[in-house]
Amino acid sequence: MIKAKTLTLSVKSLREFARKRLADQELIALDSRDECPLEIVRHMCSPDKLGIQLLFIPEEFGGFGGGAFDVYCVCEEMARIDLGVATSVLATFLGSDPITVGATPEQKKLWLSRIAEEGLLFAYGATEPDAGSDLGALQTTAERVEEDGRVVGYRINGSKQWISNGGIAGAYTVLANTPAGPSWFIVERGAAGFTHGKPEDKHGIRTSNTAALSFADVYVDADRLVGGVEGQGLLQAQAVFGYTRLMVAAFGLGAGWAALDRAIPYSAKRIQAGSPLSEKQGYTHKLIVPNVVRLEAGRAYIEQTAERIDAGEGSLNTEGAIAKYMSTEAGNAAAEASIQALGGYGYTHEYMVEKISRDVRITTIYEGTSEIMEMTISRDRWQLHLKTRGGHYHERARELEALHARHPSVGAGCAALALHALADVMERARAGRLTRHQHILLRMGEWIAYAECAEVLALRASLLAEGRLNEKANRRFDAAALAAISRIFAREAALKVAQEGMRWIVGASPEKAAGDVEAFQTAVNFSAILRAQDGLVGDMDFVADVLYGRALKPAAQVA
Ligand SMILES: Cc1cc2nc3c(=O)[nH]c(=O)nc-3n(C[C@H](O)[C@H](O)[C@H](O)COP(=O)(O)OP(=O)(O)OC[C@H]3O[C@@H](n4cnc5c(N)ncnc54)[C@H](O)[C@@H]3O)c2cc1C
């Protein structure tokens with residue numbers, strides 16, 4: 001992990017570089033020309049220039065050895081600048097991942113040092129025309145080439161689809177089926193039989209290069225098999241999902257804030273019906289505040305997950321999925337609302353929010369779609385529910401109740417209601433065997449994400465109040481504002497879990513699982529959840545005042 005001061009300097013130089021080289025007009029022009037600014041990407045990855053990629057290379061190979069928290073901070077900043085350029089940097093990170101996780105010491109030394117010293121750009125080749133979310137369906141093959149009964153190399157055949165940096169990388173990690181199963185290979189640009197397609201004409205991130213790859217009898221030496229053992233590919237890919245999904249989560253967060261940070265000042269100046277839009281509650285409480293709240297819920301979860309990964313708690317795939325799901329969905333909603341917030345101007349290229357909205361769209365698709373995230377989250381927490389005989393979320397809710405007793409203002413009481421309701425909805429789904437409906441399983445993934453984010457946001461709001469938040473943590477909001485944000489989000493989460501949970505449980509099996517609807521409402525404590533909405537508008541007024549710099553004193557504290 002790098003020091004807080006070094007991190008601040010890296011973010012500052014990134015910002016400074018962007019101000020000079022990637023100003024709005026330049027980005028709009030690149031976007032309209034559908035052009036990846038290769039020279040800028042190289043500048044960002046070059047060790048004697050910005051050297052962003054040094055952040056994620058371990059120190060022993062010439063990098064800074066940044067941890068998950070450092071990478072989140074830099075990814076958010078990159079996304080605030082331009083998600084296409086950020087994707088290019090991400091692709092090198094993803095491409096080197098199988099090496100960082102699974103390569104032999106010699107392979108690590110060779111390839112990670114080349115990234116650090118030469119700024120070598122990588123691409124990550126997993127997706128295929130017929131294998132996207134389900135990588136198990138991959139068809140690219142790597143046939144053994146043997147001499148005297150010894151494997152000396154592999155011959156790769158097949159194709160890859162939608163590969164970021166596909167047309168510009170110097171090296172590629174490619175997933176292919178060996179006789180012992182999927183395995184990663186390193187293929188260098190220029191290898192005989194390897195070609196890439198022309199850049200895809202995309203909806204957004206048009207400043208990134210995305211291309212198909214084609215392999216026709218591409219020969220690689222045996223030492224290009226990552227880790228030297230066949231069949232480890234999917235495990236190696238999964239080993240870093242927690243980490244890589246955090247990066248995309250930070251992209252959603254950064255892009256969402258980039259849009260809101262245009263909408264907020266715009267609305268302070270734009271006069272309609274005699275006063276600025278920022279003074280109209282029907283505007284701020286629909287288009288601005290709810291999006292700020294959901295983004296900060298996503299941030300809280302990203303930050304906690306990054307801290308846990310850095311503390312050595314493992315790869316935390318489910319937590320990475322929750323962080324990605326919440327932050328990228330929130331980022332999309334924020335960008336979409338920002339177009340509305342700018343009215344006709346929002347709909348033109350000049351004001352950037354339209355570009356951001358097209359760019360951020362990719363974050364709910366790559367590195368696992370939102371639906372795959374819902375499934376990942378739901379399946380894992382379902383097992384916890386079963387293992388603890390339904391006690392898991394009740395237990396976590398009790399911890400929040402204890403937090404509420406110490407910190408009545410951070411929304412922990414309401415987040416506890418969300419977790420209790422979640423436990424009850426899951427138990428009814430178990431009793432009625434309703435997860436056989438895939439829709440219920442996936443919706444459950446969303447409720448879990450909301451309830452857990454409410455929990456973590458309340459926790460982090462209390463840490464901020466106690467002055468115990470990690471020094472690298474974002475401090476855009478002070479303790480009073482973050483507490484209000486947390487209360488607003490906890491109310492939304494509790495209502496969502498209870499209302500949608502009841503809806504779909506009843507909808508899937510009225511006679512068996514729902515039983516008596518009134519009893520269901522009592523079990524999820526629906527009246528308490530409705531009572532907890534008390535003070536919602538006041539809290540939203542307060543957050544709006546904070547955002548527009550007119551807050552004088554904290555809003556009334558509610559549970
Ligand atoms: C711009 C861009 C850059 C990319 N960069 C890279 C890269 O660098 N490297 C790389 O390997 N890949 C990359 N990808 C590929 C990306 O990761 C995949 O597009 C993504 O994983 C989804 O796969 P798919 O497109 O085949 O969609 P599909 O898997 O066919 O999914 C289509 C839809 O069906 C849903 N769905 C899929 N399975 C299920 C299910 N079991 N149940 C319910 N719903 C389901 C999905 O959520 C989605 O909404 C990139 C894609 C794009 C567009």
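Let's start with a contact. An oxygen atom of the ligand is 2.6 Å from an N or O atom in the side chain of Glu371. Keep in mind that this is a predicted model.

Two more contacts involve nitrogen. One pairs a ligand nitrogen with a polar backbone atom of Trp162, at 2.9 Å. The other puts a nitrogen atom of the ligand 2.9 Å from an N or O atom in the side chain of Ser164. So much for the polar side.

Now burial. On its own, the ligand exposes 970 Å². The protein buries 67% of that. And where does the ligand sit? In the largest pocket.

Next, the shell. How many residues surround the ligand? The count is 20. Glu371 is among the closest, along with Tyr124, Thr127, Ser133 and Thr369. By class, the shell divides into ten nonpolar residues, seven polar and three charged. Which elements give two or more residues to it? Strand 3, residues 150–164, and helix 13, residues 370–387.

Let me follow strand 3 outward. Strand 3 pairs with strand 7, residues 210–221, in the antiparallel sense. That pairing runs over nine bridges. One pair to look up on screen: Ile163 has Ala211 of strand 7 as its bridge partner.

Strand 7 also pairs with strand 6, residues 194–196. The sense is antiparallel again, over three bridges. Here, His196 has Leu213 of strand 7 as its bridge partner.

To recap: Glu371, Trp162 and Ser164 for the ligand contacts, the largest pocket for the site, and strand 7 paired with strand 3 and with strand 6.

Key. Residues are numbered from 1 along each chain as its sequence is written. This is a predicted model: local features need pLDDT of at least 70, side-chain atom pairs count only at pLDDT 80 or more; totals for chains, interfaces and linings use all residues. Side-chain values use heavy atoms; hydrogens and water are left out. A residue is near a molecule or strand if one of its heavy atoms lies within 4 Å of it. A polar contact is a pair of N or O atoms within 3.5 Å; within protein, one must be able to donate a hydrogen and the other to accept it, and residues adjacent in sequence count only if both atoms are side-chain atoms. Accessible areas come from the Shrake-Rupley method with a 1.4 Å probe; for residues, only the protein chains shown count as cover. On a 1 Å grid over the protein atoms alone, a cavity is a set of points where a 1.4 Å probe fits but cannot get out, and a pocket is an open set with protein on both sides within 12 Å along at least five of seven lines; lining residues have an atom within 4 Å of a point. A molecule sits in a cavity or pocket if more than half of its atoms lie within 2 Å of its grid points. Helices (H or I, at least four residues) and strands (E, at least two) are DSSP runs, numbered from the N terminus. Ala, Val, Leu, Ile, Met, Phe, Trp, Tyr, Cys and Pro count as nonpolar, Asp, Glu, Lys and Arg as charged, and the others, Gly among them, as polar. Two strands pair if DSSP finds at least two bridges between them.
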